[in-house]
Amino acid sequence: MIQYKTEKLFPWLYRIHDPLNVYFYLIVGHNKALLFDTGHGVGNIPETIKAITTKPYTVVLGHGHIDHANGAYQFDEVYLHEGDFELSRLHCSPEFRGGVADDIEKKGLQLDADPAVWREAGSGNLKKLNPGTVFDLGGLHVEVVDMAGHTAGSIGLLVTEKRVLLNSDSANSHSWMFLEETLPIPQYIAMLERVMELEFDVFYTAHNEEPFPKSDFLRYIRVAKNASIEKAEPYPVFPELKPHMYTEDGVSIVFSERTLHG
């Protein structure tokens, strides 16, 4: 059975390693905890949390894609921006779960659940999450930040006292901005410029181990503004969407003609 690896980054922040190359995070305050994302849901997440803390906790999803929302069914309720409700239901469907099961089998791993039951588990009990909501964990205040772009319902979490932003896939050095659920790049740029005004020093993402400095947002903005079909090259994933990738200064953005100008 799959057992998650956990890593203590700080006394208040733990990273949980999903075997299919994604990370999710547990924030622990004096009184409560908060789980950010649930990965592919291929292992027992509640048992993993119990090994870290016995404090009551809330579950928040950064967005609705399968590699972040698929473990939501393991909890009584999870919070997600309403803009990604339908996306999450699609990505947690039996069809999408079948692809995850295939990946698990290729790695020689075994689900920590009955495969037939797991395929039908669905998206869980989704609760509407509003940007601006602040979770008081006791000594730590976690604010929900609107980071729509990668998906319409993408959010980040700002841990105010620690000046740390967790942002799932909303802002990173290899951004997928070509999917059907992706917003136009001008809106993505406006989001990055707005979030840069917040008070944080570093941010963590779901597909990188190291923290990034806030100044990297400037690189992401510059690359997004400079992207064009002429300067890009075809991208091999989901070719039916005709994606192109533009790279500059170690940062890549993958886009389509639809998302480039909106």
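**Exercise 1. The lining of the largest pocket**

Task: Find how the residues lining the largest pocket divide into nonpolar, polar and charged.

Solution. The model is a predicted one.
Step 1. Sort the lining residues by kind: eight are nonpolar, 13 polar and five charged.
Step 2. Take the volume, which is about 710 Å³ for the largest pocket.
Step 3. Look towards the centre. Of the 26 lining residues, the closest to the centre are His 65, His 91, Trp 176, Leu 179 and Phe 238.
Step 4. Assign elements. Helix H2 (66-69), helix H3 (85-91) and strand E12 (174-177) are the elements that give two or more residues to this lining.

**Exercise 2. The second largest pocket**

Task: State which element supplies the largest share of the lining of the second largest pocket.

Solution.
Step 1. Note the space: about 170 Å³ lies in the second largest pocket.
Step 2. Pick out lining residues. Among them are Leu 20, His 40, Asp 67, Glu 95, Phe 96 and His 207.
Step 3. Name the elements with at least two lining residues each: H2 and helix H4 (94-106).
Step 4. Choose the leader. H4 provides the largest share, with five residues.
Step 5. Sort by kind. This lining has four nonpolar, four polar and three charged residues.

**Exercise 3. Three salt bridges**

Task: For the salt bridge of Arg 15 with Glu 7, give the distance between the closest N and O atoms. Then treat Lys 50 with Glu 47 and Arg 222 with Asp 249 in the same way.

Solution.
Step 1. Recall the principle: side chains of opposite charge can pair when their charged atoms come close. The whole structure holds eleven salt bridges.
Step 2. Start with Arg 15 and Glu 7. Their closest N and O atoms are 3.1 Å apart. Arg 15 has a relative accessible area of 2%, so it is buried. Glu 7 is at 30%, so it counts as partly exposed.
Step 3. Go to Lys 50 and Glu 47. Here the closest N and O atoms lie 3.5 Å apart. Both residues sit in helix H1 (residues 45-50), and because they are three residues apart there, about one helical turn separates them. Lys 50 is exposed at 53% relative accessible area, while Glu 47 is partly exposed at 43%.
Step 4. Turn to Arg 222 and Asp 249. The closest N and O atoms are 3.0 Å apart. Arg 222 lies in helix H7 (residues 216-226), and Asp 249 in the loop between strand E16 (244-248) and strand E17 (251-255), so this pair ties together parts that are 27 residues apart in sequence. Arg 222 is partly exposed, with 33% relative accessible area. Asp 249 is partly exposed too, with 46%.
Step 5. Widen the view. Salt bridges with shared partners join Asp 216, Arg 219, Arg 222, Glu 248 and Asp 249 into one network.

**Exercise 4. A four-stranded sheet**

Task: Give the order of the four strands in the open sheet, and explain why one side of each edge strand is without a neighbour.

Solution.
Step 1. Write the order: E12-E17-E16-E15, with mixed pairing.
Step 2. Find the edges. E12 and strand E15 (233-234) each have a single partner strand, so one side of each is left without a neighbour in the sheet.
Step 3. Check one pairing. E16 and E17 run antiparallel and are joined by five bridges.
Step 4. Name a bridge: Tyr 246 has Ile 253 in E17 as its partner.

**Exercise 5. Aromatic pairs**

Task: Classify the aromatic pair of Tyr 4 and Phe 24, then the pair of Phe 178 and Phe 238.

Solution.
Step 1. Know what to read: a pair of aromatic rings is described by the distance of the centres and the angle of the planes. The search of the whole structure finds 15 aromatic pairs.
Step 2. Read Tyr 4 and Phe 24. The centres are 5.6 Å apart and the planes stand at 85°, an edge-to-face pair. Tyr 4 lies in the segment before strand E1 (5-10) and Phe 24 in strand E3 (residues 22-28), so the pair ties together parts 20 residues apart in sequence. Tyr 4 and Phe 24 are both buried.
Step 3. Read Phe 178 and Phe 238. Their centres are 6.4 Å apart and their planes at 40°, so this pair is tilted. Phe 178 is in the loop between E12 and helix H6 (185-195), and Phe 238 in the loop between E15 and E16, so the pair ties together parts 60 residues apart in sequence. Phe 178 counts as buried at 2% relative accessibility, whereas Phe 238 is partly exposed at 40%.
Step 4. Finish with a cluster: ring pairs link Phe 200, Phe 203, Phe 212, Phe 217 and Tyr 220.

Notes: Residues numbered from 1 in each chain as written. Predicted model: local features only at pLDDT ≥ 70, side-chain atom pairs only at ≥ 80, totals over all residues. Heavy atoms only, no water. 1 Å grid on protein atoms, 1.4 Å probe; cavity = no way out; pocket = protein on both sides within 12 Å on 5 of 7 lines; lining within 4 Å. Points joined across faces, edges and corners; volume = space filled by probe spheres on them. Nonpolar A, V, L, I, M, F, W, Y, C, P; charged D, E, K, R; others polar. Salt bridge = Lys/Arg side-chain N within 4 Å of Asp/Glu carboxyl O. Buried < 20%, exposed > 50% of the residue type's maximum accessible area, 1.4 Å probe, protein only. Pairing = 2+ DSSP bridges. Phe/Tyr/Trp six-rings, centres within 6.5 Å; stacked < 30°, edge-to-face > 60°.
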